[in-house]
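Visitor: Could you teach me how to read a structure like this one? I am new to it.

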There are 2 protein chains.
Amino acid sequence: MKKTTVTIKDVANHAGVSQATASRALSGGGYASHETKRRVEEAAKELGYKPSGPARSLKLQRTDTIGLMITDVVNPFYAYLASGVLEKANDLGFHVILCATDEEPEMEREYLEVLMEKRVDGIVAVSTGQNLDLWQEAIDLGTEVVLVDREMEEKLDVNVVLVDNVKGAYDAVSYLLKLGHRRIGIINGPLTTTTGFDRLQGYKQAFAQYGVPLDEALIENVSFKGESGTDMADRLLDLPDPPTAIFVANNVLGEAMLFVLRERGLRVPDDISLVVFDDVPWVSLVSPALTAVSQPTRELGIASMELLAQSLEAHTSVENSLYRKIIYKPNLILRDSCRPLTE
Amino acid sequence: MKKTTVTIKDVANHAGVSQATASRALSGGGYASHETKRRVEEAAKELGYKPSGPARSLKLQRTDTIGLMITDVVNPFYAYLASGVLEKANDLGFHVILCATDEEPEMEREYLEVLMEKRVDGIVAVSTGQNLDLWQEAIDLGTEVVLVDREMEEKLDVNVVLVDNVKGAYDAVSYLLKLGHRRIGIINGPLTTTTGFDRLQGYKQAFAQYGVPLDEALIENVSFKGESGTDMADRLLDLPDPPTAIFVANNVLGEAMLFVLRERGLRVPDDISLVVFDDVPWVSLVSPALTAVSQPTRELGIASMELLAQSLEAHTSVENSLYRKIIYKPNLILRDSCRPLTE
DNA sequence: ATAATGTGTGGAAACCTTTACACATTTTAC
DNA sequence: GTAAAATGTGTAAAGGTTTCCACACATTAT
């Protein structure tokens, strides 16, 4: 049993039926007498037959495989998202090719290219927001796409699963304003991502609502990565008139923030108040536990996969190209990282 | 451009050459004149030709795809491991199907089955330790396997990438003993995993080395999951003569431990000393920062993927079935969660 | 009794590549 | 100058499925 692959032909011979019958007996489709079915199944087991996925996919024009494109497996937000997708995919009989773009449009291109070649049935993606042409190409090729967490900058006809980032940020910043804070910094990702853009929108809307003028010096949008977080935090804290509170727009930046504060010996919430976007586990493990905007992370993944499967279903039967947009509400969870500011 | 797939035949026609020539021109193998190559490439681009992965795989008996089997994406240890595998896989031109078994041998079986059908070239796996028969079957079928983080209970001829868990636990517990602790609890995963088993070994060896008798009541090995962590922590702390220090055998259990301590109002290290296995980011974020056994997590992933690729290489050329075992040294990182015990 | 239907099976085509083989032409070697 | 090697191209087979079509037979309806 070294290098020979057992094919369905072998099974057929062994069971004394034709290839076609063997296939029908195993796949269930079409007619097959009880007796032959039994015989074929026995033969298959005896020979250790494993149907060939590639051959199957070639014939069926379907791989039962989807691509999952995220930026970073290590970021717990995406890890949870991925676990949701994975769980649902498994339920529905799909397998998942994992791609981590590290926020690089170039990597996204490469991955997108290979996913097309692999003929995945669909893609669930946290896109960098770039590569509109390639995304369109994938769709034209018949790949179903669901964007999750972020939309494209430009218009693209696809399904989308989001959290209301504007509201999340608005709630967080309103809360700080209500506590009396006026100099509230924001440490944010790039505005080229809709998450970054929308969270800044929420921040601005809260200020507008409270009639507080914006100070551009308190606004930092560089990237969602840790190193930038450190830089942005340093810049904000080095300001001649530093903020009394900071809204940090994701968990990675929050982590960086905490390290910077510790290094500077600043205490939360006594010296500075903090609200962080993403309620990942460590946020409630540190002391004081952080007030955070919670997103239904696994649900995001589950919903995306469900939506993808539905589109796949719909696409094969009728050509109904109604694209859906699911928006979850975020949730501000009050903990101990903010104190009222009374001057 | 709706439902028609562009095949290499179309490209060939468009370029005015035969299918074979088109293939050669694109894949580089074999002879092809500069001029035809140019023409074919142009035709391919013009028609938007994407080679079919499934067809390619069928012919080549190779999918350029590997399976990555871990227990849980959300556990940062495995997330880092996965990111290492992913990075290296990408470098080497492999794609990764992600499988999360949730420690269930049954899920492992299912995934293993589909990976075989998908004809992945190889598998990098954190195995539950069960399903020896299926693993053997996969190997017989020609799938290259690399076990990482854990070995199988029983003998299996495969490559393995590990951390010296005995040493890791030994160092951690020795450290506590050196500080004067005698009643040291261990909260551990199941002994059916080699990690669980070895970490308990290390614990016992340290006690033996220091001539301190073991108290079985202080030894808990249930599972590596959070809920069990809570239970185990409760049991240990409810003991009539509770431990003065606890060695927690992975980061998930550590998280549970911390929550339990907080709930009970116990303070680290004043009330209890703590060492945790796995130096994941939150371990140094909490206060006090925890003393931890650090594993080279991404390296584990990178090395596994490298080893897999090498085996794949070797397997195609010569039948050299020398299996390698790579063992990394863990590293005890001293922080502020242990205090000397002077009675 | 005959026509119509239902059931079980086999032959062969199709899915899309790559490549062994055959052939023709050009280059190199002596 | 010719023999041998190198280069470029085409034909056809193979890789492992699924399924359309045709056929045979059994059952039911008319």
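Visitor: How do the residues of the surface near DNA strand C divide into nonpolar, polar and charged?

Guide: Happy to help! This is a predicted model, where local features need pLDDT of at least 70, side-chain atom pairs count only at pLDDT 80 or more, and totals for chains, interfaces and linings use all residues. Residues are numbered from 1 along each chain as its sequence is written, while chains are lettered from A and ligands numbered from 1 in the order in which they are written. A residue is near a strand if its C-beta atom, placed from the backbone, lies within 6 Å of it. Ala, Val, Leu, Ile, Met, Phe, Trp, Tyr, Cys and Pro count as nonpolar, Asp, Glu, Lys and Arg as charged, and the others, Gly among them, as polar. Here there are ten nonpolar, 13 polar and five charged residues.

Visitor: Which residues come nearest to DNA strand C?

Guide: Of the 28 around the strand, they are A:Ser18, A:Ala20, A:Thr21, B:Ala20 and B:Ala55. The largest share of this surface, five residues, comes from α2(B); helices are DSSP runs (H or I, at least four residues), numbered from the N terminus.

Visitor: At what angle do α2(A) and α3(A) pack?

Guide: Axes are lines fitted to C-alpha atoms, for helices over the stretch in contact, and angles run from 0 to 180 degrees between N-to-C directions. For this pair the angle is about 90°, with axes 9 Å apart. So α2(A) is roughly perpendicular to α3(A) (65 to 115 degrees). Among the residues making the contact (C-beta atoms, placed from the backbone, within 7 Å) are A:Ala22 of α2(A) and A:Val40 of α3(A).

Technical notes
Helices (H or I, at least four residues) and strands (E, at least two) are DSSP runs, numbered from the N terminus. Angles under 35 degrees count as roughly parallel, over 145 as roughly antiparallel, 65 to 115 as roughly perpendicular and the rest as oblique. Two residues are in contact if their C-beta atoms, placed from the backbone, lie within 7 Å.
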